[in-house]
Amino acid sequence: MPAPTGAEPRWAAAQVAQRVLDQGQASDAAMEVVCQGLTRGQDRALARRLVHGLMRDWPMVSGLLKALLQTPLKRRDRGVYFILCIGLSELRAEREPDHAAVNAAVEATKLAKAKHMSKLVNAVLRRFLREREALEADQADALTVQWGHPAWFIQALQHDWPEDWQRILGAGNVSPPLTLRVNRRHWSRDDALSALTQHGLEAHPIPGLADAVELERRVAIRDIPEFSTGGWSVQDASAQWAVDWLQLTPGLRVLDACAGPGGKAAHALERADIELHAVDSDGERLARVETGLARLGLSAQLIHADATSVASWWDGGLFDRVLLDAPCSATGVIRRHPDIRWLRQAGDLSNLVATQRALLDALWPLVKPGGILVYVTCSVLADENDRQMASFVERHSDGSILQSPPTPTAPGRAVSPGWQVLPGEGGWDGFYFAAVERV
Ligand SMILES: C[S@@+](CC[C@H](N)C(=O)[O-])C[C@H]1O[C@@H](n2cnc3c(N)ncnc32)[C@H](O)[C@@H]1O
(Lines give C-alpha, C1' and ligand atoms only; values in the text may rest on other atoms or scores of the structure.)
Protein backbone atom coordinates (compact mmCIF):
# COMPACT_ATOMS: atom_id res chain seq x y z
CA MET A 1 0.00 0.00 0.00
CA PRO A 2 1.45 3.43 -0.88
CA ALA A 3 2.30 5.72 2.06
CA PRO A 4 -0.50 8.21 2.80
CA THR A 5 0.19 11.62 1.21
CA GLY A 6 -2.08 13.47 3.62
CA ALA A 7 -4.30 14.40 0.67
CA GLU A 8 -7.41 12.60 1.98
CA PRO A 9 -7.88 14.60 5.20
CA ARG A 10 -7.10 17.87 3.34
CA TRP A 11 -9.67 17.11 0.65
CA ALA A 12 -12.20 16.09 3.29
CA ALA A 13 -11.53 19.33 5.21
CA ALA A 14 -11.95 21.37 2.01
CA GLN A 15 -15.31 19.73 1.28
CA VAL A 16 -16.55 20.32 4.84
CA ALA A 17 -15.42 23.96 4.67
CA GLN A 18 -17.29 24.39 1.38
CA ARG A 19 -20.47 22.94 2.90
CA VAL A 20 -20.21 25.28 5.90
CA LEU A 21 -19.16 28.49 4.17
CA ASP A 22 -21.03 28.13 0.84
CA GLN A 23 -24.08 26.15 1.91
CA GLY A 24 -24.53 27.09 5.58
CA GLN A 25 -24.30 23.49 6.87
CA ALA A 26 -23.12 22.87 10.43
CA SER A 27 -19.58 21.51 10.37
CA ASP A 28 -20.32 18.50 12.63
CA ALA A 29 -23.09 17.37 10.30
CA ALA A 30 -20.94 18.00 7.20
CA MET A 31 -18.05 16.14 8.81
CA GLU A 32 -20.22 13.07 9.41
CA VAL A 33 -21.13 12.85 5.73
CA VAL A 34 -17.80 13.82 4.19
CA CYS A 35 -15.47 11.95 6.56
CA GLN A 36 -17.20 8.58 6.18
CA GLY A 37 -14.46 7.60 3.73
CA LEU A 38 -11.64 8.37 6.17
CA THR A 39 -10.87 5.08 7.85
CA ARG A 40 -8.05 6.25 10.10
CA GLY A 41 -9.04 8.07 13.30
CA GLN A 42 -6.00 10.33 12.98
CA ASP A 43 -7.15 11.47 9.51
CA ARG A 44 -10.60 12.33 10.84
CA ALA A 45 -9.03 14.23 13.73
CA LEU A 46 -6.74 16.10 11.31
CA ALA A 47 -9.65 17.00 8.99
CA ARG A 48 -11.57 18.34 11.98
CA ARG A 49 -8.59 20.36 13.21
CA LEU A 50 -8.05 21.84 9.75
CA VAL A 51 -11.71 22.84 9.43
CA HIS A 52 -11.74 24.43 12.87
CA GLY A 53 -8.48 26.23 12.08
CA LEU A 54 -9.97 27.69 8.90
CA MET A 55 -13.16 28.79 10.69
CA ARG A 56 -11.02 30.78 13.14
CA ASP A 57 -8.88 32.26 10.36
CA TRP A 58 -11.38 32.73 7.56
CA PRO A 59 -11.23 36.55 7.20
CA MET A 60 -7.43 36.49 6.87
CA VAL A 61 -7.36 33.44 4.59
CA SER A 62 -10.07 34.70 2.24
CA GLY A 63 -8.31 38.08 2.07
CA LEU A 64 -4.97 36.45 1.31
CA LEU A 65 -6.45 34.30 -1.40
CA LYS A 66 -8.06 37.30 -3.05
CA ALA A 67 -4.63 38.90 -3.20
CA LEU A 68 -2.85 35.74 -4.35
CA LEU A 69 -5.19 34.77 -7.18
CA GLN A 70 -4.69 37.03 -10.17
CA THR A 71 -8.15 36.14 -11.45
CA PRO A 72 -10.85 34.70 -9.19
CA LEU A 73 -11.48 30.97 -9.64
CA LYS A 74 -14.61 29.90 -11.52
CA ARG A 75 -17.68 28.72 -9.64
CA ARG A 76 -17.03 25.12 -10.75
CA ASP A 77 -13.59 25.25 -9.10
CA ARG A 78 -14.91 25.85 -5.57
CA GLY A 79 -13.40 22.53 -4.43
CA VAL A 80 -9.93 23.76 -5.39
CA TYR A 81 -10.66 27.15 -3.84
CA PHE A 82 -11.30 25.45 -0.50
CA ILE A 83 -8.21 23.22 -0.87
CA LEU A 84 -6.27 26.48 -1.13
CA CYS A 85 -8.07 27.92 1.91
CA ILE A 86 -7.27 24.84 4.00
CA GLY A 87 -3.67 24.94 2.72
CA LEU A 88 -3.17 28.60 3.62
CA SER A 89 -4.74 28.19 7.03
CA GLU A 90 -2.53 25.15 7.67
CA LEU A 91 0.62 27.01 6.61
CA ARG A 92 -0.29 29.90 8.90
CA ALA A 93 -0.84 27.55 11.84
CA GLU A 94 2.71 26.18 11.36
CA ARG A 95 2.05 22.75 12.85
CA GLU A 96 3.38 20.81 9.85
CA PRO A 97 6.55 21.45 7.86
CA ASP A 98 5.70 23.83 4.99
CA HIS A 99 6.66 21.37 2.24
CA ALA A 100 4.41 18.63 3.71
CA ALA A 101 1.39 20.95 3.88
CA VAL A 102 1.97 22.21 0.31
CA ASN A 103 2.44 18.69 -1.09
CA ALA A 104 -0.69 17.42 0.63
CA ALA A 105 -2.73 20.30 -0.84
CA VAL A 106 -1.30 19.65 -4.32
CA GLU A 107 -2.14 15.93 -4.02
CA ALA A 108 -5.64 16.82 -2.82
CA THR A 109 -6.39 18.40 -6.23
CA LYS A 110 -6.26 14.87 -7.72
CA LEU A 111 -8.94 13.69 -5.30
CA ALA A 112 -10.97 16.75 -6.31
CA LYS A 113 -10.62 15.57 -9.94
CA ALA A 114 -8.74 18.78 -10.69
CA LYS A 115 -5.23 17.53 -11.35
CA HIS A 116 -4.94 20.20 -14.06
CA MET A 117 -5.02 22.80 -11.25
CA SER A 118 -2.28 21.25 -9.11
CA LYS A 119 0.36 23.64 -10.54
CA LEU A 120 -1.77 26.61 -9.61
CA VAL A 121 -2.24 25.30 -6.05
CA ASN A 122 1.49 24.72 -5.73
CA ALA A 123 2.30 28.20 -7.10
CA VAL A 124 -0.20 30.04 -4.89
CA LEU A 125 0.92 28.33 -1.68
CA ARG A 126 4.61 28.77 -2.46
CA ARG A 127 4.11 32.44 -3.30
CA PHE A 128 2.37 32.86 0.05
CA LEU A 129 5.41 31.36 1.79
CA ARG A 130 7.77 33.74 -0.06
CA GLU A 131 5.71 36.90 0.46
CA ARG A 132 3.97 36.00 3.70
CA GLU A 133 4.97 39.01 5.77
CA ALA A 134 3.84 41.65 3.27
CA LEU A 135 0.67 39.79 2.31
CA GLU A 136 -0.42 39.37 5.92
CA ALA A 137 0.46 42.97 6.78
CA ASP A 138 -1.90 44.17 4.02
CA GLN A 139 -4.84 42.40 5.71
CA ALA A 140 -3.92 42.96 9.32
CA ASP A 141 -5.80 46.20 10.05
CA ALA A 142 -9.33 44.86 9.82
CA LEU A 143 -10.90 43.84 13.15
CA THR A 144 -12.50 40.84 11.46
CA VAL A 145 -9.01 39.62 10.49
CA GLN A 146 -7.50 40.35 13.89
CA TRP A 147 -10.21 38.44 15.76
CA GLY A 148 -11.42 35.95 13.15
CA HIS A 149 -15.10 36.77 13.73
CA PRO A 150 -17.75 38.51 11.55
CA ALA A 151 -18.18 42.28 11.76
CA TRP A 152 -21.80 42.16 13.02
CA PHE A 153 -20.80 40.00 15.97
CA ILE A 154 -17.80 42.16 16.87
CA GLN A 155 -20.06 45.24 16.82
CA ALA A 156 -22.71 43.50 18.96
CA LEU A 157 -20.08 42.54 21.53
CA GLN A 158 -18.56 46.03 21.55
CA HIS A 159 -22.05 47.33 22.34
CA ASP A 160 -23.01 44.73 25.00
CA TRP A 161 -19.55 44.16 26.53
CA PRO A 162 -17.50 47.37 26.07
CA GLU A 163 -14.94 46.18 28.65
CA ASP A 164 -14.82 42.50 27.70
CA TRP A 165 -15.41 42.20 23.95
CA GLN A 166 -11.79 41.43 23.12
CA ARG A 167 -11.59 38.77 25.81
CA ILE A 168 -14.78 37.15 24.50
CA LEU A 169 -13.48 37.10 20.92
CA GLY A 170 -10.10 35.74 22.03
CA ALA A 171 -11.79 32.96 24.01
CA GLY A 172 -13.73 31.98 20.88
CA ASN A 173 -10.43 31.07 19.22
CA VAL A 174 -9.17 28.71 21.92
CA SER A 175 -10.10 25.01 22.00
CA PRO A 176 -12.13 24.13 25.10
CA PRO A 177 -11.17 21.46 27.64
CA LEU A 178 -12.89 18.08 27.63
CA THR A 179 -15.32 18.19 30.55
CA LEU A 180 -17.20 15.14 31.76
CA ARG A 181 -20.17 14.64 34.03
CA VAL A 182 -20.07 11.76 36.48
CA ASN A 183 -23.28 9.76 36.54
CA ARG A 184 -23.77 9.75 40.32
CA ARG A 185 -26.30 6.92 40.02
CA HIS A 186 -23.51 4.76 38.58
CA TRP A 187 -20.61 5.65 40.90
CA SER A 188 -19.15 8.42 43.03
CA ARG A 189 -16.92 11.15 41.61
CA ASP A 190 -14.00 9.84 43.69
CA ASP A 191 -14.40 6.33 42.23
CA ALA A 192 -14.76 7.77 38.74
CA LEU A 193 -11.57 9.84 39.17
CA SER A 194 -9.68 6.76 40.43
CA ALA A 195 -10.78 4.82 37.35
CA LEU A 196 -9.40 7.59 35.14
CA THR A 197 -6.09 7.55 37.02
CA GLN A 198 -5.85 3.76 36.64
CA HIS A 199 -6.24 4.23 32.87
CA GLY A 200 -3.44 6.80 32.85
CA LEU A 201 -5.81 9.75 32.29
CA GLU A 202 -5.10 12.84 34.37
CA ALA A 203 -8.16 14.76 35.50
CA HIS A 204 -9.40 17.05 38.26
CA PRO A 205 -12.79 17.88 39.77
CA ILE A 206 -14.19 21.31 38.85
CA PRO A 207 -14.66 23.46 41.99
CA GLY A 208 -18.27 24.38 42.73
CA LEU A 209 -19.76 21.64 40.54
CA ALA A 210 -20.60 18.38 42.27
CA ASP A 211 -20.44 16.10 39.22
CA ALA A 212 -17.89 17.74 36.91
CA VAL A 213 -14.45 16.44 35.96
CA GLU A 214 -12.05 18.12 33.56
CA LEU A 215 -9.49 16.01 31.70
CA GLU A 216 -5.98 17.44 31.47
CA ARG A 217 -5.88 16.58 27.76
CA ARG A 218 -8.47 15.59 25.18
CA VAL A 219 -8.84 11.87 24.50
CA ALA A 220 -11.16 9.76 22.38
CA ILE A 221 -14.38 8.94 24.20
CA ARG A 222 -13.78 5.21 23.69
CA ASP A 223 -10.66 5.53 25.89
CA ILE A 224 -12.67 6.77 28.90
CA PRO A 225 -13.37 3.86 31.27
CA GLU A 226 -17.07 2.97 31.75
CA PHE A 227 -18.29 5.54 29.25
CA SER A 228 -20.36 3.08 27.20
CA THR A 229 -21.80 1.50 30.36
CA GLY A 230 -23.22 4.83 31.54
CA GLY A 231 -20.55 6.06 33.97
CA TRP A 232 -20.11 9.42 32.21
CA SER A 233 -21.46 12.00 29.82
CA VAL A 234 -19.60 14.74 27.98
CA GLN A 235 -20.97 18.08 29.21
CA ASP A 236 -19.39 21.47 29.72
CA ALA A 237 -19.19 23.01 33.19
CA SER A 238 -21.71 25.78 32.44
CA ALA A 239 -24.23 23.28 31.11
CA GLN A 240 -23.76 21.23 34.29
CA TRP A 241 -24.40 24.27 36.44
CA ALA A 242 -27.95 24.55 35.04
CA VAL A 243 -29.16 21.69 37.21
CA ASP A 244 -28.08 23.53 40.38
CA TRP A 245 -30.28 26.46 39.38
CA LEU A 246 -33.27 24.06 39.40
CA GLN A 247 -32.81 23.27 43.13
CA LEU A 248 -34.19 19.76 42.68
CA THR A 249 -35.59 17.64 45.49
CA PRO A 250 -37.19 14.18 45.22
CA GLY A 251 -40.77 14.01 43.99
CA LEU A 252 -40.80 17.29 42.03
CA ARG A 253 -42.69 17.45 38.76
CA VAL A 254 -40.28 18.98 36.27
CA LEU A 255 -40.62 20.17 32.68
CA ASP A 256 -37.62 20.38 30.36
CA ALA A 257 -39.28 22.36 27.58
CA CYS A 258 -36.42 22.29 25.05
CA ALA A 259 -34.81 18.98 25.93
CA GLY A 260 -32.95 17.76 22.84
CA PRO A 261 -30.36 16.23 22.80
CA GLY A 262 -30.93 15.66 26.51
CA GLY A 263 -27.79 16.64 28.41
CA LYS A 264 -29.58 18.65 31.09
CA ALA A 265 -32.56 16.27 31.24
CA ALA A 266 -30.21 13.37 32.01
CA HIS A 267 -28.31 15.38 34.60
CA ALA A 268 -31.56 16.33 36.36
CA LEU A 269 -32.60 12.66 36.50
CA GLU A 270 -29.19 11.62 37.82
CA ARG A 271 -29.53 14.24 40.56
CA ALA A 272 -32.93 13.48 42.03
CA ASP A 273 -35.92 11.13 41.79
CA ILE A 274 -38.13 13.52 39.87
CA GLU A 275 -40.97 13.14 37.39
CA LEU A 276 -39.49 14.60 34.22
CA HIS A 277 -41.45 15.65 31.15
CA ALA A 278 -39.09 16.34 28.23
CA VAL A 279 -40.41 18.26 25.23
CA ASP A 280 -38.69 19.04 21.94
CA SER A 281 -40.07 20.15 18.59
CA ASP A 282 -37.33 18.35 16.67
CA GLY A 283 -38.03 14.62 16.40
CA GLU A 284 -34.40 13.69 15.73
CA ARG A 285 -33.17 15.59 18.75
CA LEU A 286 -35.87 14.03 20.90
CA ALA A 287 -34.76 10.58 19.68
CA ARG A 288 -31.27 11.48 20.94
CA VAL A 289 -32.77 12.24 24.37
CA GLU A 290 -34.23 8.73 24.39
CA THR A 291 -30.95 7.04 23.39
CA GLY A 292 -28.95 9.13 25.87
CA LEU A 293 -31.30 8.36 28.77
CA ALA A 294 -31.27 4.63 27.90
CA ARG A 295 -27.44 4.58 27.97
CA LEU A 296 -27.51 6.11 31.44
CA GLY A 297 -30.31 3.87 32.71
CA LEU A 298 -32.76 6.79 33.10
CA SER A 299 -36.25 7.51 31.83
CA ALA A 300 -38.60 10.44 31.27
CA GLN A 301 -41.87 11.16 29.55
CA LEU A 302 -40.83 12.27 26.06
CA ILE A 303 -43.09 14.62 24.15
CA HIS A 304 -42.58 15.58 20.51
CA ALA A 305 -44.23 19.00 20.27
CA ASP A 306 -43.79 22.69 19.81
CA ALA A 307 -43.66 23.77 23.44
CA THR A 308 -45.43 27.06 22.64
CA SER A 309 -48.54 25.14 21.47
CA VAL A 310 -49.31 24.20 25.06
CA ALA A 311 -52.83 22.92 24.32
CA SER A 312 -51.42 20.25 21.99
CA TRP A 313 -49.24 18.48 24.57
CA TRP A 314 -49.87 19.63 28.15
CA ASP A 315 -51.76 17.27 30.52
CA GLY A 316 -52.95 20.14 32.71
CA GLY A 317 -50.71 19.43 35.71
CA LEU A 318 -48.63 22.38 36.93
CA PHE A 319 -44.85 21.98 37.26
CA ASP A 320 -42.66 22.65 40.30
CA ARG A 321 -39.78 23.44 37.98
CA VAL A 322 -39.61 24.46 34.34
CA LEU A 323 -36.27 24.46 32.58
CA LEU A 324 -36.24 26.58 29.43
CA ASP A 325 -32.86 25.96 27.80
CA ALA A 326 -33.89 28.08 24.88
CA PRO A 327 -32.86 27.94 21.24
CA CYS A 328 -30.34 30.78 20.91
CA SER A 329 -27.46 32.20 18.87
CA ALA A 330 -25.00 29.81 20.61
CA THR A 331 -22.49 32.67 20.64
CA GLY A 332 -21.21 31.47 24.04
CA VAL A 333 -19.97 28.17 22.62
CA ILE A 334 -18.11 29.41 19.55
CA ARG A 335 -14.86 28.00 20.95
CA ARG A 336 -16.51 24.55 20.82
CA HIS A 337 -18.20 25.04 17.42
CA PRO A 338 -16.03 27.54 15.51
CA ASP A 339 -18.37 27.37 12.47
CA ILE A 340 -21.20 29.05 14.43
CA ARG A 341 -19.67 32.48 13.84
CA TRP A 342 -20.18 32.10 10.06
CA LEU A 343 -23.47 30.21 10.22
CA ARG A 344 -25.24 32.82 12.34
CA GLN A 345 -26.21 36.05 10.63
CA ALA A 346 -27.08 39.35 12.27
CA GLY A 347 -30.64 38.96 10.96
CA ASP A 348 -31.16 35.63 12.84
CA LEU A 349 -31.18 37.38 16.17
CA SER A 350 -34.63 38.97 16.01
CA ASN A 351 -36.27 35.60 15.19
CA LEU A 352 -34.45 33.90 18.05
CA VAL A 353 -35.44 36.63 20.49
CA ALA A 354 -39.08 36.34 19.37
CA THR A 355 -39.03 32.53 19.79
CA GLN A 356 -37.50 32.82 23.27
CA ARG A 357 -40.14 35.35 24.26
CA ALA A 358 -42.96 33.17 22.92
CA LEU A 359 -41.60 30.14 24.82
CA LEU A 360 -41.29 32.13 28.05
CA ASP A 361 -44.83 33.49 27.81
CA ALA A 362 -46.34 30.13 26.87
CA LEU A 363 -44.59 28.19 29.66
CA TRP A 364 -44.99 30.66 32.53
CA PRO A 365 -48.64 29.72 33.28
CA LEU A 366 -47.49 26.08 33.66
CA VAL A 367 -45.33 26.92 36.69
CA LYS A 368 -46.94 26.13 40.07
CA PRO A 369 -47.26 29.06 42.49
CA GLY A 370 -44.03 28.84 44.49
CA GLY A 371 -42.42 26.97 41.60
CA ILE A 372 -39.41 28.15 39.60
CA LEU A 373 -38.73 28.72 35.91
CA VAL A 374 -35.05 28.57 34.99
CA TYR A 375 -34.13 30.30 31.75
CA VAL A 376 -30.79 29.34 30.22
CA THR A 377 -28.99 30.21 26.99
CA CYS A 378 -25.51 29.54 25.65
CA SER A 379 -25.42 33.10 24.32
CA VAL A 380 -23.41 36.17 25.27
CA LEU A 381 -25.82 38.67 23.70
CA ALA A 382 -27.93 40.81 26.02
CA ASP A 383 -30.99 40.72 23.71
CA GLU A 384 -31.30 36.98 24.34
CA ASN A 385 -30.29 37.16 27.99
CA ASP A 386 -30.70 39.98 30.52
CA ARG A 387 -32.72 42.22 28.16
CA GLN A 388 -35.01 39.27 27.38
CA MET A 389 -35.55 38.53 31.08
CA ALA A 390 -35.91 42.18 32.08
CA SER A 391 -38.74 42.44 29.59
CA PHE A 392 -40.21 39.14 30.87
CA VAL A 393 -40.45 40.31 34.49
CA GLU A 394 -41.98 43.56 33.28
CA ARG A 395 -44.72 41.60 31.50
CA HIS A 396 -45.32 39.17 34.40
CA SER A 397 -45.87 40.86 37.73
CA ASP A 398 -46.21 37.42 39.42
CA GLY A 399 -42.57 36.63 38.55
CA SER A 400 -39.83 37.32 41.10
CA ILE A 401 -36.20 36.97 40.02
CA LEU A 402 -34.07 34.94 42.44
CA GLN A 403 -31.12 37.20 43.09
CA SER A 404 -28.25 34.94 44.15
CA PRO A 405 -26.74 32.19 42.04
CA PRO A 406 -26.90 28.68 43.56
CA THR A 407 -23.09 28.50 43.79
CA PRO A 408 -21.50 31.74 45.03
CA THR A 409 -18.02 30.72 43.82
CA ALA A 410 -19.05 30.10 40.21
CA PRO A 411 -17.37 32.19 37.53
CA GLY A 412 -19.23 35.06 35.90
CA ARG A 413 -21.10 38.10 37.10
CA ALA A 414 -24.54 39.28 38.08
CA VAL A 415 -26.31 41.12 35.27
CA SER A 416 -29.67 42.79 35.53
CA PRO A 417 -31.42 40.41 35.90
CA GLY A 418 -29.61 37.05 35.97
CA TRP A 419 -26.08 35.71 35.78
CA GLN A 420 -23.67 35.70 32.84
CA VAL A 421 -20.63 33.49 32.42
CA LEU A 422 -18.43 34.65 29.56
CA PRO A 423 -16.69 32.05 27.38
CA GLY A 424 -13.51 30.69 28.94
CA GLU A 425 -14.19 32.18 32.39
CA GLY A 426 -13.03 29.53 34.85
CA GLY A 427 -12.64 27.32 31.76
CA TRP A 428 -16.46 27.30 31.36
CA ASP A 429 -18.57 27.93 28.22
CA GLY A 430 -20.40 31.25 27.83
CA PHE A 431 -23.89 30.80 29.35
CA TYR A 432 -26.66 32.94 30.81
CA PHE A 433 -28.90 31.86 33.70
CA ALA A 434 -31.95 33.35 35.37
CA ALA A 435 -34.37 31.79 37.86
CA VAL A 436 -37.84 33.28 38.34
CA GLU A 437 -40.17 32.22 41.13
CA ARG A 438 -43.93 32.36 40.56
CA VAL A 439 -45.29 34.27 43.50
C1 LIG B 1 -30.25 24.72 23.40
S2 LIG B 1 -31.03 23.35 22.75
C3 LIG B 1 -31.42 22.45 24.20
C4 LIG B 1 -30.28 21.64 24.75
C5 LIG B 1 -30.71 20.64 25.80
N6 LIG B 1 -31.45 21.25 26.88
C7 LIG B 1 -29.55 19.86 26.39
O8 LIG B 1 -29.09 20.18 27.48
O9 LIG B 1 -29.09 18.92 25.73
C10 LIG B 1 -32.57 23.97 22.28
C11 LIG B 1 -33.59 22.92 21.84
O12 LIG B 1 -34.84 23.58 21.68
C13 LIG B 1 -35.57 22.91 20.69
N14 LIG B 1 -36.66 23.82 20.30
C15 LIG B 1 -36.60 24.95 19.55
N16 LIG B 1 -37.80 25.52 19.46
C17 LIG B 1 -38.65 24.74 20.18
C18 LIG B 1 -40.05 24.81 20.47
N19 LIG B 1 -40.81 25.81 19.99
N20 LIG B 1 -40.59 23.85 21.24
C21 LIG B 1 -39.83 22.83 21.73
N22 LIG B 1 -38.51 22.72 21.48
C23 LIG B 1 -37.94 23.67 20.72
C24 LIG B 1 -34.53 22.62 19.64
O25 LIG B 1 -34.95 21.57 18.80
C26 LIG B 1 -33.32 22.25 20.50
O27 LIG B 1 -33.25 20.86 20.66
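Two strands pair if DSSP finds at least two bridges between them. Strands (E, at least two residues) and helices (H or I, at least four) are DSSP runs, numbered from the N terminus.

This is a predicted model, in which local features need pLDDT of at least 70 and side-chain atom pairs count only at pLDDT 80 or more, while totals for chains, interfaces and linings use all residues. Residues are numbered from 1 along each chain as its sequence is written, and side-chain values use heavy atoms, with hydrogens and water left out.

**Exercise 1.** State in what order the strands of the open four-stranded sheet stand, and why β2 and β4 each have one side without a neighbour.

*Solution.*
Step 1. The order is β2-β3-β1-β4, and the pairing is antiparallel.
Step 2. β2 (203-205) and β4 (232-234) are at the edges with a single partner strand each, so one side of each has no neighbour in the sheet.
Step 3. On average, neighbouring strands of this sheet are turned by 30° against each other, direction ignored; axes are lines fitted to C-alpha atoms, for helices over the stretch in contact, and angles run from 0 to 180 degrees between N-to-C directions.
Step 4. For the pair β2 and β3 (residues 212-215), there are three bridges. Alanine 203 stands opposite leucine 215 in β3.

**Exercise 2.** Find which strands helix α12 lies across, and which cis peptide bond involves proline 261.

*Solution.*
Step 1. Helix α12 (residues 263-271) lies across β1 (179-182) and β4, at about 35° to β1.
Step 2. Proline 261 is in the loop between β5 (253-256) and α12.
Step 3. The cis peptide bond joins glycine 260 to proline 261, with omega about 0°.

**Exercise 3.** Describe which residues come nearest to the ligand and how much of the ligand the protein buries.

*Solution.*
Step 1. There are 19 residues around the ligand, and Gly263, Asp280, Arg285, Ala307 and Asp325 come nearest; a residue is near if one of its heavy atoms lies within 4 Å.
Step 2. The shell holds nine nonpolar, four polar and six charged residues; Ala, Val, Leu, Ile, Met, Phe, Trp, Tyr, Cys and Pro count as nonpolar, Asp, Glu, Lys and Arg as charged, and the others, Gly among them, as polar.
Step 3. A backbone N or O atom of glycine 263 is 2.9 Å from a ligand oxygen atom. For a side-chain N or O atom of arginine 285, the distance to a ligand oxygen atom is 2.5 Å.
Step 4. Taken alone, the ligand exposes 610 Å², and the protein buries 85% of that (Shrake-Rupley method, 1.4 Å probe).

Technical notes:
Polar contact = N/O pair within 3.5 Å; in protein donor to acceptor, adjacent residues only side chain to side chain. Contact = heavy atoms within 4.5 Å.
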